[in-house]
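Me: Please take a close look at one part of this structure, where its pieces come together, and describe what sits there. A single connected account is enough, with the cut-offs behind the terms.

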Amino acid sequence: MRTEVVIIGAGPAGLLLSHLLAADGVDSILLESRSRAHVGARIRAGVLEQSSVDVLTAAGLGDRLKAEGGEHRGIYLTWPDDEVFIDFEELTGRSTVVYGQAEVQKDLDAAAQRRGQQIVYEVSDTRVHDVDSDSPYVTYLDADGAPGRVEAAVVAGCDGSFGPSRSAVPEAVRTRFERVYPHSWLGVLAQVAPSTDHVRYAWHSDGFAMHSMRSSSVSRLYLQVPNGTDLADWSDDRIWETLSHRLGSGRRGFHLTSGPITEKSVLPMRSLVQTPMRHGQLFLAGDAAHILPPTGAKGLNLAIADVALLAPALVSLLRKDDHVLAESYSDLALRRVWRATHFAWWMTDMLHTGSDPFAAQLQLSQLRWLASSHAARTGLAENFAGLSLHI
Ligand code: RFL
Ligand code: PHB
């Protein structure tokens with residue numbers, strides 16, 4: 001097969017890229033290792049920042065988001081002695097929308113169906129070739145094990161944390177910056193109305209906890225657990241008791257209501273940035289280029305921001321033979337990536353507890369500073385909700 005852009009990965013980054021390219025008349029083919037049903041059912045991110053909402057809306061993908069997404073003008077930070085509401089709207093004039101990644105994926109998938117986008121699902125052994133040349137190509141095995149090959153002018157690596165694109169940049173060219181955290185998140189989805197009106201991040205000496213939501217009848221909750229945690233050790237009762245304790249149920253008017261848990265998983269946390277995000281005709285976007293701990297709610301937002309830069313760069317390159325945007329893509333995208341990487345690290349460091357009493361006192365001091373300082377709250381709010389696409 002031949003196309004203009006071969007996109008590896010049909011997650012949010014890959015599907016949005018194909019959508020934006022198609023809007024400018026650039027053809028693409030997507031190769032995806034999982035089934036369409038599997039990709040559509042993944043429960044992941046929940047919070048969209050304003051610039052992501054703007055990108056999706058401008059791309060004609062904003063109808064359901066507007067109707068069903070809940071606008072969240074801030075977050076609570078709580079700890080046993082106090083709490084603070086960080087009012088993004090008041091502090092930055094920007095807001096966030098709680099709209100599950102599965103819903104974004106559904107909207108992108110519906111748009112892809114409508115335009116007849118070519119997507120090859122259930123591929124394996126995906127390999128990237130000759131990105132140093134003008135005629136790169138990707139090979140794979142299809143669902144029946146038959147070999148396939150797509151030739152293109154450009155390869156877009158949108159294949160997430162575990163795909164092959166990141167390693168297709170030669171070792172001599174790439175730099176990997178990495179941090180592995182000693183914590184994981186145990187995440188649950190529960191069929192119960194949220195007990196909080198805004199996302200609640202809780203510091204506790206036993207470990208961090210968080211209460212988010214997906215709709216008026218579905219809650220999403222997380223607990224800090226040690227790496228290597230076995231889900232079998234966490235009964236539903238133990239999860240609810242621990243959440244109640246760490247979130248401070250019964251304190252300051254907050255009462256956690258439990259309900260049936262429909263999904264449980266453990267998510268290890270790490271930060272990784274690979275530079276550059278372009279090598280030859282290969283461009284990386286989303287988790288393929290960078291991974292963040294979820295504490296700052298940035299992963300999906302960064303994927304959308306990358307693609308919002310990459311799509312016009314590829315259109316200029318392929319339609320006008322204009323290389324300027326393609327050449328600045330990596331540097332521009334990385335400015336935002338490092339800002340988000342710092343923010344996610346900072347939020348993680350402030351809220352996850354261990355056995356070091358000195359660290360705990362610094363965390364509490366920082367939380368009290370946020371509660372007492374307008375400037376501190378503005379800094380957090382700007383990073384959470386207020387980043388513009390070009391920083
Ligand atoms: P994805 O979504 O992982 O999509 C990559 C796609 O590539 C496919 N693939 C391959 N295809 C072909 N050949 C191969 N060899 C392939 N290998 C992989 C995969 O099957 C997949 O379909 O990456 P993308 O598009 O870059 O999107 C990134 C986001 O998914 C990710 O950053 C967020 O989910 C992170 N994240 C959050 N981000 C936020 O912005 N806000 C949040 O509130 C938030 N919460 C979260 C999160 C991630 C979580 N988990 C489980 C990782 C909460 C959690 C629990
Ligand atoms: C979520 O709703 O899944 C969520 C919200 C905020 C985060 C991470 C995840 O920081």
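Reply: The part to look at is the boundary between the domains: 23 residues of domain 1 are in contact with 22 residues of domain 2, where contact means heavy atoms within 4.5 Å. This is a predicted model, in which local features need pLDDT of at least 70 and side-chain atom pairs pLDDT 80 or more, while totals for chains, interfaces and linings use all residues. Residues are numbered from 1 along each chain as written, chains are lettered from A and ligands numbered from 1 in the order written, and side-chain values use heavy atoms, without hydrogens or water.

The chain is assigned two domains, domain 1 (5-72 + 97-178 + 270-349) and domain 2 (182-269 + 353-385); these bounds come from an automatic or database domain assignment. Their C-alpha centres are 29 Å apart.

Ligand 2 lies between domain 1 and domain 2, because both give residues to its shell. A residue is counted as near a molecule or strand when one of its heavy atoms lies within 4 Å of it. For ligand 2 there are 13 such residues, and Tyr201, Ser212, Arg214, Tyr222 and Pro294 come nearest. By class the shell has seven nonpolar, three polar and three charged residues; Ala, Val, Leu, Ile, Met, Phe, Trp, Tyr, Cys and Pro count as nonpolar, Asp, Glu, Lys and Arg as charged, and the others, Gly among them, as polar.

Several polar contacts can be listed, a polar contact being a pair of N or O atoms within 3.5 Å (within protein, one atom must be able to donate a hydrogen and the other to accept it, and residues adjacent in sequence count only if both atoms are side-chain atoms). Ser212 places a polar side-chain atom 2.6 Å from an oxygen atom of ligand 2. Pro294 has a backbone N or O atom 2.8 Å from an oxygen atom of ligand 2, and a backbone N or O atom of Ala297 is 3.5 Å from an oxygen atom of ligand 2. On its own ligand 2 has 280 Å² of accessible area, and the protein covers 97% of this; the areas come from the Shrake-Rupley method with a 1.4 Å probe, and for residues only the protein chains shown count as cover. Strand 15 (209-213) and strand 16 (219-226) are the elements that give two or more residues to this shell. Helices (H or I, at least four residues) and strands (E, at least two) are DSSP runs numbered from the N terminus.

Ala297 has a second feature: its phi is positive, about 55 degrees, although it is not a glycine. Ala297 is in the loop between strand 20 (290-291) and helix 9. With a relative accessibility of 17%, Ala297 counts as buried; buried means under 20% relative accessible area, exposed over 50%, and partly exposed in between (1.4 Å probe, protein chains only).

Ligand 1 also draws on both sides, with at least three shell residues from each of domain 1 and domain 2. Its surroundings number 34 residues, of which Glu32, Arg42, Gln101, Asp287 and Leu300 come nearest. The classes are 15 nonpolar, 11 polar and eight charged residues. Helix 1 (12-23), strand 16 and helix 9 (299-320) each supply at least two residues, and helix 9 gives the most, with four.

Among the polar contacts of ligand 1, a side-chain N or O atom of Arg42 is 2.6 Å from an oxygen atom of the ligand. Ser33 brings a backbone N or O atom to 3.1 Å from a nitrogen atom of ligand 1, and Pro12 brings a backbone N or O atom to 3.3 Å from an oxygen atom of ligand 1. Ligand 1 exposes 1,000 Å² when taken alone, and the protein buries 87% of that.
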